[in-house]
Amino acid sequence: MAVKLSNVSKKYGKEFSLKNVSLTFETGKIYGLLGPNGSGKSTTLKMIAGLVYPNSGKVEVGNEEVSRKTSKNVAYLTELDMFYPGFTVANMVDYYATQFTDFDLVKAEELLKEMKLEREKKIKQLSKGTRGRLKLVLALSRNAPVLLLDEPFSGLDPMVRDSIVKSLLSYINFDLQTVIIATHEIDEIEPLLDEAIVIFHGKIIGQKNVEELREEEGLSVLDWFKDTAKNMEAKMNG
Ligand SMILES: Nc1ncnc2c1ncn2[C@@H]1O[C@H](COP(=O)(O)OP(=O)(O)OP(=O)(O)O)[C@@H](O)[C@H]1O
């Protein structure tokens, strides 16, 4: 399902968190929203999820302005843990299945195996990285038209990360889903991306098709990101 931001601005107090952001996300593509700490990545995702509203501009999910109604179409993996410590892994999966009609229990079972999660372990017994894997299971098990992943690989060790990045693609329904991944760990997610978007101080300063970037400019996403950010910093400094 397509997502569209038109001239969106968001202020916290006097500070702009997003300034005149316009972006279109198409069905069947994976987008990387890339930027340093505090650049506005999470704010953008929260707006698409309907958790934060813009001061001006419009956010649409599937041609409908964001509301409580559109939020059911959005699966959102947040940076924060939203778990009940006394629940087991299996309890969490069952709970999600009752909350979301698009939750796919068969997919969840496959993912639990893939992520090597034990069903009977209590949340409070899990390490940070294991909780991170559970968050991925819960988000990817939803057949939601829009999938938002905020720093999905934080806390995962490099070995696990590589295999998870590779397996992620097989759990995405490209006929239905639009996927947006916010991260500053660009190297890790590069193999997943169709489009890369750079956000800096609340403004979009670049967008590229990843294949074109590689073939026509011979650049990796990370190299291009560094160049783009460096040029912008030079411009800002005079
Ligand atoms: N609830 C809030 N109240 C006040 N300021 C906020 C709030 N949420 C975000 N901000 C500010 O908005 C700006 C953008 O924050 P945001 O969390 O979107 O950045 P980010 O790119 O996701 O950063 P990170 O990589 O650190 O997660 C920052 O300057 C931040 O301090």
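A residue counts as being around the ligand here if its C-beta atom, placed from the backbone, lies within 6 Å of the ligand. Keep that cut-off in mind for the first stop. The model is predicted.

**Stop 1: the ligand shell.** Select Tyr12, Ser17, Gly35, Asn37, Gly38, Ser39, Gly40, Lys41, Ser42, Thr43 and His184; these are the residues around the ligand. Now colour them by class. You should get 9 polar, 1 nonpolar and 1 charged residues. Next, show helix 1, residues 41-49. Helix 1 contributes 3 residues to the shell, the most of any element.

**Stop 2: Asp150.** Go to strand 7, residues 146-150, and pick Asp150. Is Asp150 buried or exposed? Asp150 is buried, because 23 C-beta neighbours lie inside 10 Å and the cut-off for buried is 20 or more. Show its contacts beyond four places in sequence: Ser42, Leu45, Leu77, Thr78, Glu79 and Ala182. One of these, Ser42, also appears in the list of residues around the ligand. Draw a distance from Asp150 to Thr78, C-alpha to C-alpha. The viewer should give 5.3 Å, although the two residues are 72 apart along the chain.

**Stop 3: the hairpin.** Select strand 1, residues 3-12, and strand 2, residues 15-25. The two strands run antiparallel, and 7 bridges join them. Find Lys11, then look across to strand 2: Phe16 stands opposite. Finish at the turn. The hairpin has 2 residues between its strands, and Gly13 has a positive phi near 65°. For a link back to the first stop, select Tyr12 and Ser17 again, which are among the residues around the ligand.

Notes:
Residues numbered from 1 in each chain as written. Predicted model: local features only at pLDDT ≥ 70, side-chain atom pairs only at ≥ 80, totals over all residues. Helix = DSSP H or I, 4+ residues; strand = E, 2+ residues; numbered from the N terminus. Nonpolar A, V, L, I, M, F, W, Y, C, P; charged D, E, K, R; others polar. Buried ≥ 20, exposed ≤ 12 C-beta atoms within 10 Å, placed from the backbone. Contact = placed C-beta atoms within 7 Å. Pairing = 2+ DSSP bridges.
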